[in-house]
Amino acid sequence: MASVSKQKRMAKKAAKNSSATVTKAAAESTINGKGSTTKKETNSTAATDLSLDSLKISNERTANGVLTSQTRAKDVKIEQYSLSFHGRVLIENATIELNFGRRYGLVGHNGSGKSTFLASLAAREVPIPDHIDVYLLNQEADPCDLNAIDYVIRAAKEEVARLEKEVEDLLTENDEDPSLEDLYDRIAALDESTFQARASGLLYGLGFSQDMMAKKTKDMSGGWRMRVALAKALFIRPTLLLLDEPTNHLDLEACVWLEEYLKTYNRILLLVSHSQDFLDNVCDQTIHLTEKKKLNYYGGGYSTFVKTKAELEVNQMKAYNKQQDEIAHIKKFIASAGTYANLVRQAKSKQKIIDKMEAAGLVEKVEAPSTFKFKFSDVEKLPPPVLQFDQVSFSYNGSTNPKDLLYKDLDLAVDMDSRIALVGPNGTYLLIMLLFECLIELFFYCRRR
Ligand SMILES: Nc1ncnc2c1ncn2[C@@H]1O[C@H](COP(=O)(O)OP(=O)(O)O)[C@@H](O)[C@H]1O
Ligand SMILES: [Mg+2]
């Protein structure tokens with residue numbers, strides 16, 4: 001009898017052949033194969049999970065597209081790609097082109113469908129070749145009895161087993177297959193004897209102390225579990241790594257560390273981030289999910305994208321105006337041609353010019369993107385200092401013992417012109433709460449006045 005994983009693969013192949021359009025419940029598959037109503041991290045193992053729960057067909061998200069790259073290639077090209085979510089078309093007739101060794105930043109306005117697009121790729125709703133393993137990080141590690149290190153290692157062991165299985169299957173089919181070499185390299189790079197040391201190294205980079213590494217994930221906050229999930233993704237180094245706003249929950253130090261780490265990611269990375277610096281420093285390509293629901297590709301990071309797009313738009317506007325002037329001029333001639341036979345003939349041939357232009361597709365006008373408007377009413381100036389902290393110390397339990405104190409003898413003044421950036425390791429946010437409480441008090445004080 002065929003093994004369970006082989007059965008799954010065969011069933012998957014059959015499902016793929018029976019339909020080019022695959023519809024799946026949004027992010028319903030989970031890493032451990034248990035169905036869940038909440039979003040969980042997904043990877044290719046999860047995406048190929050054919051348990052009943054994960055197969056629950058829903059019409060929430062629909063994607064289709066045609067694979068036009070070679071099935072065994074390391075690059076992926078899918079054309080005529082469309083994606084809908086809850087009946088709303090987010091991407092229409094676009095091309096997905098992801099080349100091996102590239103790091104792509106995905107940009108687009110809020111709600112344009114970036115997260116949905118990543119989730120759809122992770123769930124393999126388009127024909128991504130089987131040998132391209134996909135891992136999406138969009139949710140924290142699930143709360144369980146494993147500590148951070150064991151959580152990362154467990155996933156790495158599963159990955160080694162998966163790769164070994166793939167090698168075994170390929171050897172039985174064709175022992176000359178070019179992807180074997182990549183698989184051997186990946187198994188060697190994972191190297192089980194260094195799991196412990198490398199998992200701790202990654203977690204340390206993401207801000208974990210020794211104590212924190214030994215904590216069970218069920219005793220961690222969401223922010224820390226997000227870091228565990230991130231460490232797991234980085235450890236496995238999938239062929240296609242999808243990161244949805246990975247810097248959320250990271251403090252500045254960890255963000256800087258992650259940036260350095262991802263800069264050298266030499267497989268395919270596709271990430272969404274709201275930080276221009278992060279995109280600039282990590283990505284060498286930018287994909288813009290446009291208001292017209294297309295995926296446009298630009299070389300370079302975010303700043304280059306903004307510059308190139310602005311230049312292209314200036315040129316497009318020039319071409320548009322020139323063409324519109326030409327059309328207006330011709331139309332004017334046609335309107336004034338009257339009934340003289342030779343002028344009518346000329347008018348007809350001029351009309352043909354316009355018809356030709358229209359048939360070839362007119363230059364489109366550059367539409368200004370919708371903008372957000374914020375309005376702050378002018379307020380009366382308060383004399384400085386608006387908030388003053390003198391010698392403020394804080395501990396949760398009220399103790400003055402230095403080891404319990406989060407801050408000691410803090411002097412800080414905030415006035416109307418202050419613009420403050422607060423940086424520091426996790427835990428510093430308490431200071432914001434402290435400031436916020438003072439602001440609320442100040443608000444009531446002002447109201448009373
Ligand atoms: N639970 C939901 N029900 C209905 N529509 C949703 C739901 N979640 C998201 N959407 C729609 O999907 C669109 C794309 O969302 P999303 O992929 O999260 O955008 P982005 O990540 O680019 O901000 C949104 O504009 C919204 O209209
Ligand atoms: Mg999003």
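**Exercise 1. Which residue follows H11, and is its phi positive or negative?**

Solution. The model is predicted. Go to the end of helix H11, at residue 336. H11 is followed by Gly 338. The phi of Gly 338 is positive, near 65°.

**Exercise 2. Work out what span helix H11 should have, and compare it with the model.**

Solution.
- Step 1: H11 covers residues 302-336, which makes 35 residues.
- Step 2: Use 1.5 Å a residue, multiplied by one less than the number of residues. The expected span is 51 Å.
- Step 3: Check the ends. The end C-alpha atoms of H11 are 50 Å apart, which agrees.

**Exercise 3. Find the residues around ligand 1 and sort them by character.**

Solution.
- Step 1: List the shell. Ligand 1 is surrounded by Phe 85, His 86, Arg 88, Leu 90, Gly 108, Asn 110, Gly 111, Ser 112, Gly 113, Lys 114, Ser 115 and Thr 116.
- Step 2: Assign them to elements. Strand S5 (88-98) and helix H3 (114-122) each give at least two residues. H3 supplies the largest share, 3 residues.
- Step 3: Sort by type. The shell holds 2 nonpolar, 8 polar and 2 charged residues. Glycine counts as polar here.

**Exercise 4. Examine phi and exposure at His 86 and Asp 191.**

Solution.
- Step 1: Recall the usual case. Most residues other than glycine have a negative phi.
- Step 2: Read phi. His 86 has a positive value, near 50°. Asp 191 also has a positive phi, about 35°. Neither residue is a glycine.
- Step 3: Place them. His 86 sits in the loop between strand S4 (76-85) and S5. Asp 191 sits in the loop between helix H5 (179-190) and helix H6 (195-205).
- Step 4: Judge exposure. The cut-off for an exposed residue is 12 or fewer other C-beta atoms within 10 Å. His 86 has 11, so His 86 is exposed. Asp 191 has 11, so Asp 191 is exposed.
- Step 5: Link back to Exercise 3. His 86 is one of the residues around ligand 1.

**Exercise 5. Look at the region that UniProt marks as "coiled-coil region".**

Solution.
- Step 1: Find it. An unreviewed UniProt entry puts this feature at residues 146-173.
- Step 2: Describe the model there. The span is 93% helix and 0% strand. The end C-alpha atoms of the span lie 38 Å apart.

**Exercise 6. State how confident the predictor is.**

Solution.
- Step 1: Take the whole protein. The average pLDDT is 81, and 81% of the residues score at least 70.
- Step 2: Turn to residues 1-58. There pLDDT stays under 50. For these residues the model has 81 contacts beyond four places in sequence.

Definitions and conventions
Residues are numbered from 1 along each chain as its sequence is written. Chains are lettered from A and ligands numbered from 1 in the order in which they are written. This is a predicted model: local features need pLDDT of at least 70, side-chain atom pairs count only at pLDDT 80 or more; totals for chains, interfaces and linings use all residues. Helices (H or I, at least four residues) and strands (E, at least two) are DSSP runs, numbered from the N terminus. A residue is near a molecule or strand if its C-beta atom, placed from the backbone, lies within 6 Å of it. UniProt positions are given in the numbering used here, feature names are shortened, and annotations may be inferred rather than shown by experiment. pLDDT is the predictor's confidence in each residue, from 0 to 100. Two residues are in contact if their C-beta atoms, placed from the backbone, lie within 7 Å. A residue is buried if 20 or more other C-beta atoms lie within 10 Å of its own, exposed if 12 or fewer, and partly exposed in between; C-beta atoms are placed from the backbone.
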